[in-house]
Amino acid sequence: MSETLIEVRNLEVRFPIKTKGLFRSKTVELRAVHDVSFDIKRGETVGLVGESGSGKTTVGRAILRAIDPTSGHVIFHGPGGDVDVAELEGQELRAFRQRMNMVFKSGPVELSALTGEALRLFRPRMSLVFQDPYSSLNPRMTVRDIIAEPLVAGGIMKNREEIDQRVREIAARCKLNLEHLRRFPHAFSGGQRQRICIARALVSRPDFVVCDESVSALDVSIQAEIVNLLKDLQEEMGVAFLFIAHDLSVVAHISHRVAVLYVGSFVEYAPTRSLFFHPRHPYTHALLSAIPQADPEAGFEPIRLQGEIPNPLAAPSGCRFHTRCPFAKPRCKEEKPDWREIAPEHFVSCHFADDFDFARPQG
Amino acid sequence: MDAILTVENLTISFRTDEGTITPIQNVSFQVGRGKTLGLVGESGSGKSVSTKALMRLLPGTAMIAPDSRMAYRAKDGRTIEIEKLARNGKAVRRLRGGEIGMIFQEPMASFSPVYTIGNQMVEAIRLHRGLGRRQARAEAIDMLAKVGISSPEARIDQYAHEMSGGMRQRAMIALALSAGPALLIADEPTTALDVTIQAQVLELMGGLQQDLGMAMIFITHDLGVIAQIADEVAVMYLGTIVERGPTKEIIRDPKHPYTQGLLEAIPSLESLDHRLKPVPGDIPSPGERPSGCPFRSRCGQAIEGLCDKEVPLETTFGAARAVRCWLHEERGRSAA
Amino acid sequence: MTAIKAGGPKSKEERAAEKERQRLLKYYSASQWTLIWWRFRRHRAAMVAAAILGVMALLGIFAEFVAPYGPTTRDTNYLDGPPQIPMFCDDNGCSWSPFIHGVKTERDPVTLRAISVPDPEQRLYVTFLPQGEEVTVLGLFTTKTHLFGLEEGGKLHLWGTDSLGRDVFSRTIYATRTSLSIGVLGVMISFVLALMIGGIAGYSGGLVDAGIQRITEIIRVIPVIPLYMGLAAAMPKEWSTTQVYFAMTIILGLFGWPTLARRIRSQLLSIRNEDYVVAARLAGAKPKRIIAQHMLPSFTSFIIVDLVISFPYMILSETALSFVGLGLRPPAVSWGVLLQQAQSVRVIEQTPWLFIPAAFVVIAVLAFTVIGDGLRDAADPYSEAR
């Protein structure tokens, strides 16, 4: 649990935005992710919360190299050495994705099935579970083929029976009816589809899976079911999750540690309990106060933040939150706060964090 | 109760690739004047379909059963029998917007990309309230200010796509309110929003409702949201209302096993160490609706020989509460 | 849910429920093509149109067998003869088998030209599978048997003859083959071109895409008729009908691709960022696999719709070119060639049956359009599923 799996250092993602004028076009850079650093340990869940447009999805995809980071490092600690994901290219990148899918934790059967080269390489692996369980499943493939795709496409397994066995195993773990494997996605409800997505993400037995708003579109009961499933799978398979969501109470339930993102930067990163019950950043505090409680007498008094989330094209100077912060002082406008460890494992980016402890009643 | 809307025995079926399905069965509810009714249920429970029927917005393949009644008390005191109106007739058009307004989860759906929000609001005000162009514009600016849009004089000439998500949601509420409806149907209006903006929108809607004395049907799957905004709740499962009553009482003391399950499934910050408790099992697909009580396939307390055979009757508790469950019927209690 | 329980009395509801479950199971395990077929089947007009086209295609494929005579066989005894409709009754009573009247030659009392008129005294009975000219069907079998004809070597001209005594019915059947096959080949050529050009543009994007787009636009703005005229005029006169035929298909194919290519490109561009394609990329799939396994299948149905809809344009182009004398030339027969012969006022006045091929053109074009409509509705079986 204490072994570091992924180290993210000074991650920066910028997108060129072309604005078309009548005669000339200008290219503006959108800083989607700005100087983000954090660690993910083997087998833990890190929650990533923030409002829409804060860059949550971009962080997740940059770690998976679905988007190329502009600068910074993503270091993957595999059993056979470290790899800087941000520096891989072309063939190598694909080989890395494949290697990440390699099998090495299971019993001797799979080990003997590995080729010489595969054994030599270290085998970190990762995958992604999408938000929309409808568009992320190819409607033209059977569930069995969808789940088997990472094995087939990654070239991990060739033998049909082996693949079938593995698909059945993971499908059973994800509580899918084995009879359903022959069906097409249109036969399933949202919750069932999301379980198929999870089975696909885990079939190659990865070390690390990004869940990008994977439960946000689901009903509360199904949400609870998927959260429990992910927790169980984590326990059984030792996989680490980066759990991106805007629903804070779900994040609180699944995560060991939680990071709060505001306009592309981290404002706070702490173990779940400290973050939810002793937030040190005014923004985290405001977010937490806005969670609706299913108790009409819980006293729902959300802190009203002034104005709108700033446009990332024109992010404010100094502390990015100063335009909306109820405690903003002149210093916040001029000086960018440091990313510092205010308590053990509790990181925050605020000049006055020492003065704040928005302690909340703990149940 | 002074009801603005009374729905009785609403049953709707559709013909689809999967055969004839009946997403709404015998739904009855009332909305009191100036009150908010929350409709809660998982996707596929028929929340949206039933309100679309109120606006006569269902596609042509939908069939409304002959004994369904939807009686709406109009602003002038007449009672309109919605189910008898001709589809797309003049009466239906007057009903939409002017009497019953609607807002959606996706605000872009309400706005035309080629008109400014001002254009659309002015048109709605002139159509339903018969004001002149200048007066209507003043009214629209007023309405934008009411929903908390800063510098409404400038914003009124913007297009919806020029606004941010929260702003757009407010503009949509302003558009729906500008026609002066007496009943507003809000179909998951905050589901796609971030918590901070959701909190603002909920606060705004609650305040506006008080000011305008408007009734509201608020559809959502989030009981947390319902607890903040609704006076009464109707919990739907597979097209049937399984429990209804005042919000506080239902959340404090849910009687139907499904309502209990839904409430227990909510992740709460108070119990971080406990496992979440989903309602067991999957919602049956529309073609595989269980016999008897629709919920019995997922119910831990189902009574064999009763719940799988007979559809439970509605048991009332006091004036306002009702539940459809054999556990609360004399026969069920004796069988258990 | 799998097997039907053996034996035992079952109530009506149980049986109905079981049937419903089986039906749903079938629906859930149905592939894209099965779903498309189920939906297409519900489109009555399209089904009828498909049947009509199927019959037309069969007529064309088995032209040698269906047509009683060759396309250039002359019956000098029956020039400009009107259609001979088989009948069961005449002034001399009725018969069980259909017959036509014989033909005798008389002089027109006014113009003094020799004309063919029916001879009510003579009855010629229609028979099926009679012996006639020796023909090779499908280039495989040699046979003397035809679908129908007259007994005792009489000649049956169902839809009359032209001024050279050639049988209009037989010529129309042969023309159907020529015209439909030009359509098919032309569409195939332009489809292959469109797939390559649109595929490259759509998958690579960026500069390559921009370049290909400009070229496509240039080709789209070239006016078609003068271009065809120029190209047709460039065809050497001494070319055989076969050579001209292939040249025609290639010309039609070469200029038919831009619309389709754009369509393929835009489909590819929109599918490229679909979640499931991203998922395949993250699973380590190679580009080839992504295109073949995930992208192509999701828009083949749309491509088929486009292909079906572009058929009529091919057929009409061929017909139009041949009609103005720029396409196929006699002795080849196509709908255009046949209609070219029916241009004059004299034809309209005296031998209107030469217009029968026009009905084929209209029916074929309409049928393709209706099928295209039906397919378009059925092509995306997942649009409503969400």
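**Exercise 1. Find which residues of α6(A) are exposed on the side away from its buried ones.**

Step 1. On that other side, A:Glu161 and A:Ala172 are exposed, where exposed stands for 12 or fewer other C-beta atoms within 10 Å of a residue's own, buried for 20 or more, and C-beta atoms are placed from the backbone.

Step 2. Now turn to the buried set: A:Arg166, A:Val167, A:Ile170 and A:Ala171. Down the axis of α6(A), these fall within an arc of 130° (taken from the directions from helix axis to C-beta atoms), so they line one face of the helix.

Step 3. Look for the cover: it includes α5 (143-153) and α7 of chain A. Helices here are DSSP runs of H or I, at least four residues, numbered from the N terminus.

A note before you go on: this is a predicted model, where local features need pLDDT of at least 70, side-chain atom pairs count only at pLDDT 80 or more, and totals for chains, interfaces and linings use all residues. Residues are numbered from 1 along each chain as its sequence is written, while chains are lettered from A and ligands numbered from 1 in the order written.

**Exercise 2. Work out why C:Leu53 counts as buried, and what it touches.**

Step 1. Locate C:Leu53 in helix α3 (residues 44-61) of chain C.

Step 2. Count neighbours: C:Leu53 has 20 C-beta neighbours inside 10 Å, and therefore counts as buried.

Step 3. Leaving out residues up to four places away in sequence, C:Leu53 touches C:Ala364, C:Ala367 and C:Ile371; contact needs C-beta atoms, placed from the backbone, within 7 Å.

Step 4. Compare distances: C:Leu53 and C:Ile371 are 318 residues apart in sequence, yet 9.5 Å apart from C-alpha to C-alpha.

How values were computed:
Helix = DSSP H or I, 4+ residues; strand = E, 2+ residues; numbered from the N terminus. Contact = placed C-beta atoms within 7 Å.
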